[in-house]
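Okay, thanks for having me, everyone. Could you pull the model up on the screen so we can look at it together?

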Amino acid sequence: MYQSKIAGIGYYVPKNVYTNHDLTRFMDTSDEWIQERTGIQERRFADRYAETTTTMAIEAAKIAIERAKTTAQDIDFIVFATLSPDYYFPGCGVLLQREMGMHEIGALDVRNQCSGFVYALSVADQFIKTGMYKNILVVGSEKHSFAMDFETRSRNMSVIFGDGAGAVVLQPTQEKGKGILSTHLHSDGADAEILAMYYPGAHANKWMKDKPPFPDQELGGLFLTTEQLESGAALPYMDGPAVFKKAIVKFPEVIKEALSTHSFTEQDIDLLIPHQANFRISQYVQKLLGLDDNQVFNNIQKYGNTTAASVPIALCEAWEAGRIKDGNLICLAAFGSGFTWASALIRW
Ligand code: COA
């Protein structure tokens, strides 16, 4: 059985910075409210036309591939996590394969929202362990800005999310005790609808606001009229306080599960990279686990919540800043829509 290691890592964020003050041009909100409730000061939004979820992923992937001292043609599998794909179908994995000129390798899209990257990493880890692949590209990328509503009615969501991408290359390692030690994946669909985008989906009509937005006809109904779309019926939905309550339970749980699997304690963690959902959630988790400030990495202040991209962006920034050194114990943890939550323990 092989062990997998992160051989290369990269991230990309768009140039366009939107501060909290900038958002007050579109909706009734304030810098004070956003900072107090979320810790976010600014976020990046992709170029409306030139950039997509796939193009951002490619920029991050190029860096990860170069740092892994390999080439796009040597990648033998792609795992792509996103909730904001360029198309409803096909997924972004094949678009990346095409644009990067890769061979006709397998490309898998992961639909696990904020925990998507940790799920994707776990999938890739299994393929490396069995010896099936030797160079897997794992990416998390999101262009939230294209589907967000920047009116006051959606301000609880639109102030939180930002765009960006992160990528890693996984390879087998011979070094004993190094690399991904274990991954831990969970889900509970009981509250699937409290953080969700129902449209376009086959069951959308049950949940969309101001029903019935679907045309009264025997078959079909995916295509809404302009009026129906403008009413906001098809917008994403989030019960923020309910998400918050569940997140602060499941984050610590899945981190402790990873630690106890290897008989580690919280004090053994050199750096925890939590999914950047909300700074208050990270602080709460840090306090509950009794971790010092230097044991936790946060960058939500600059980028907001970039969903599947948040863990690899934070991991890469932490590594570039010298916060991750050879032999360090790194814990990745994420929680999000589904609900799904996950962790990964890595000996760097
Ligand atoms: N600016 C100003 N006021 C806002 C606002 C905004 N951007 N968004 C919501 N409000 C208002 C609400 O309308 C409400 O007003 P009311 O009391 O007059 O009705 C008030 O602020 C409180 O709303 P509430 O939703 O209860 O606030 P909150 O303290 O729970 O904070 C979140 C909202 C979304 C920041 C918080 O619930 C949260 O972060 N939840 C977790 C979300 C998350 O992590 N999502 C990603 C999953 S990985």
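I'll start with the ligand and its surroundings, then step back to the domains. Keep in mind that this is a predicted model.

So, who sits around the ligand? There are 23 residues surrounding it, and the closest are Thr29, Arg37, Arg155, Gly240 and Asn278. If you sort the shell by residue type, you get twelve nonpolar, eight polar and three charged residues.

Now let's look at some individual contacts. Asn278 puts a polar side-chain atom 2.5 Å from an oxygen atom of the ligand. Arg155 also has a polar side-chain atom by a ligand oxygen, and there the distance is 3.0 Å. With Pro241 the backbone does the job: one of its polar backbone atoms is 3.3 Å from an oxygen atom of the ligand.

How much of the ligand does the protein bury? On its own, the ligand exposes 950 Å², and 72% of that gets buried by the protein.

Next, the elements. Two or more shell residues come from each of α2 (31-38), α6 (155-158), α9 (240-261) and β12 (329-336). Which one gives the most? That's α9, with four residues.

Okay, zooming out. The domain assignment splits the chain into domain 1 (3-173), domain 2 (179-190 + 238-347) and domain 3 (198-234). Notice that domain 2 is listed as two stretches. The shell around the ligand takes at least three residues from domain 1 and at least three from domain 2. As for domain 3, its centre is 28 Å from the centre of domain 1, going by C-alpha atoms.

That's my tour, thanks for listening!

Terms used:
Residues are numbered from 1 along each chain as its sequence is written. This is a predicted model: local features need pLDDT of at least 70, side-chain atom pairs count only at pLDDT 80 or more; totals for chains, interfaces and linings use all residues. Side-chain values use heavy atoms; hydrogens and water are left out. A residue is near a molecule or strand if one of its heavy atoms lies within 4 Å of it. A polar contact is a pair of N or O atoms within 3.5 Å; within protein, one must be able to donate a hydrogen and the other to accept it, and residues adjacent in sequence count only if both atoms are side-chain atoms. Accessible areas come from the Shrake-Rupley method with a 1.4 Å probe; for residues, only the protein chains shown count as cover. Ala, Val, Leu, Ile, Met, Phe, Trp, Tyr, Cys and Pro count as nonpolar, Asp, Glu, Lys and Arg as charged, and the others, Gly among them, as polar. Domain bounds come from an automatic or database domain assignment.
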